[in-house]
Amino acid sequence: MKLDQFPESIQPLLVPEPGGDLIYHCLGCRQAHNIASLLYTCPACGSVLLIQDRQFDRLKAIEGGVWQRIFDYRRMLKDPALKGIYRYHEFIGPVIPLDSVVYLGEGHTPVVEANGALQDRTGMRFYYKNDGQNPSASFKDRGMASALSYINHLIRTGEVDQVLSICASTGDTSAAAALYAAYLKPKIKSAVLLPHKKVTPQQLSQPLGSGADVFEIPGVFDDCMKVVEALSEQYNVALLNSKNAWRILGQESYSYEIAQDFDYAMADKVVVVPIGNAGNITAVMNGFLKFFDTGIIDALPKIVGVQSVHANPVYRYYSQPSGDRGPFVPVTVKPSVAQAAMIGNPVSMPRVIHLVDRYNRSAGAPRVFFVEVSEQAIMDWQLTANRNGHIACTHGGESLAGLQVALEKGWISAHETAIVDSTAHALKFSGFQDMYFQNSFPDGFAVTPDPALVNRPRYVHPQTLQQVPLPGKPLDDKALAEFVDAVSREIATDLGLKKRS
Ligand SMILES: *Cc1c(COP(=O)(O)O)cnc(C)c1O
Ligand SMILES: [Zn+2]
């Protein structure tokens, strides 16, 4: 629809102008820092930052119901800058003019309700939100669209010139960073650091295909992260890890979309997300809080954060009694099929601690829960989901396994509706499915295949055949007829097909 076809009263609100007053807010010393320079930690105390809008209250001048209509109408506009995460411009990056927005098709991923058979298995109504249907096939594109739109804005206003973006990654951050940087070349070049052999071949192919400089580093993600931090402290590079608070802003879109897709009714909803570096759960909490504070939603949904027993520092922290938790203790990770979340020392932990507290206080009761799940449960639930028409990655399996645990513990009830995050596309992690089907998991994983879930190709090669087609060597008519007959009979027998009468 064209702008002048919308109700007149709402027209001036549909295409946002730059506004707001964003600052980096330090969660350690609470100082505010100007956003004109790219900061990742507080120059005064070294703590992590969150971006705050000092004029956020201006958004409360518009009623929640009007905001709902603004977002619903924006869905119908043709402006590419409003088609992705910036449909929620005022909440995500109000200082960014629309002509600096980088849109590669991210966001607005489908929510797909589980079929009856799967809901019977889980014991409650749930939807997958398929964030694997983002351009680089994970939710990381949301944060990259935000970080790179802001850098693009700084370039266009002459505040920065050539940018070398850099990140450490469990695979998906680098895929997303390299993709968005490639779109903005030659102003932006990208380099990514990956833990050697700790990302899947598909994930490795992504930054290579986008033309990034790819470095493989011995060790695990936490080691890569240390190197990237050293580089960003000593050299002039733009850090694109979720330590960069702009990433968090973009990932808040996940919450806004859930609110909008469920008609802003959040009271009986449960949002389930896996936790690695904890940027995603930070963004999810912050997003719902902003919509709650402006009356766009009238209740905060429950949030369940899920970790594997092989990488569970956040779960461990919150399983201690409140009031007696002491300092956060990182863990040494073990191999995990939820490999993109295999992180022992999450960078966003101070943000999580800050926001869990705010979230629960705003809700007036505990609404954020943490669970751990076994590697076995992750694989079994992923494969079960996908046998029912989903495209969940291992982290999507982790989320669904976590939903079960939260239900068993009574933190959520069967009358609620869950939105379960499949953070990436199943194909990125198909190697773990192969290991399951071939029973070839290395010992460290502790996964044993359930025969009922194993699936393998059968090679059809009837013993009676003298000849089979080979590349470049087609069969003659008679041999081909024999081949087709023998092969189709073998398949029909295997499938138990009945002859047409
Ligand atoms: C990055 C990632 C996670 C973990 O998200 P955090 O923000 O680091 O907690 C989970 N799943 C996938 C597929 C990821 O790429
Ligand atoms: Zn500080």
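In which sense do strand β11 and β12 pair, and over how many bridges? The answer is parallel, over 6 bridges. The views below show this pairing and its surroundings in a predicted model.

**View 1. An open sheet is built from 6 strands.** The strand order is β4-β5-β13-β10-β11-β12. Pairing within the sheet is mixed. β4 (111–113) and β12 (368–373) stand at the edges. Each has a single partner strand, so one side of each lacks a neighbour in the sheet. From one strand to the next, the twist averages 25°.

**View 2. Strand β11 meets β12 at the sheet edge.** β11 spans residues 302–308. Its pairing with β12 is parallel. S308 has V373 of β12 as its bridge partner. Strands of a sheet pair through backbone hydrogen bonds, either parallel or antiparallel.

**View 3. Helix α11 packs on the sheet.** The helix covers residues 279–293. α11 touches four strands: β10 (269–274), β11, β12 and β13 (417–422). The direction of α11 makes about 155° with that of β10.

**View 4. A36 sits in a loop between two strands.** The flanking strands are β2 (32–34) and β3 (49–53). A36 has 37% relative accessibility and counts as partly exposed, because that value falls between the 20% limit for buried and the 50% limit for exposed. Neighbours within four places in sequence aside, A36 contacts Y150, L154 and E159.

**View 5. A36 and A418 are shown together.** In sequence, A36 and A418 are 382 residues apart. In space, their C-alpha atoms are 39 Å apart.

Technical notes:
Residues numbered from 1 in each chain as written. Chains lettered and ligands numbered in written order. Predicted model: local features only at pLDDT ≥ 70, side-chain atom pairs only at ≥ 80, totals over all residues. Heavy atoms only, no water. Pairing = 2+ DSSP bridges. Axes fitted to C-alpha atoms, helices over the stretch in contact; angles between N-to-C directions. Contact = heavy atoms within 4.5 Å. Buried < 20%, exposed > 50% of the residue type's maximum accessible area, 1.4 Å probe, protein only.
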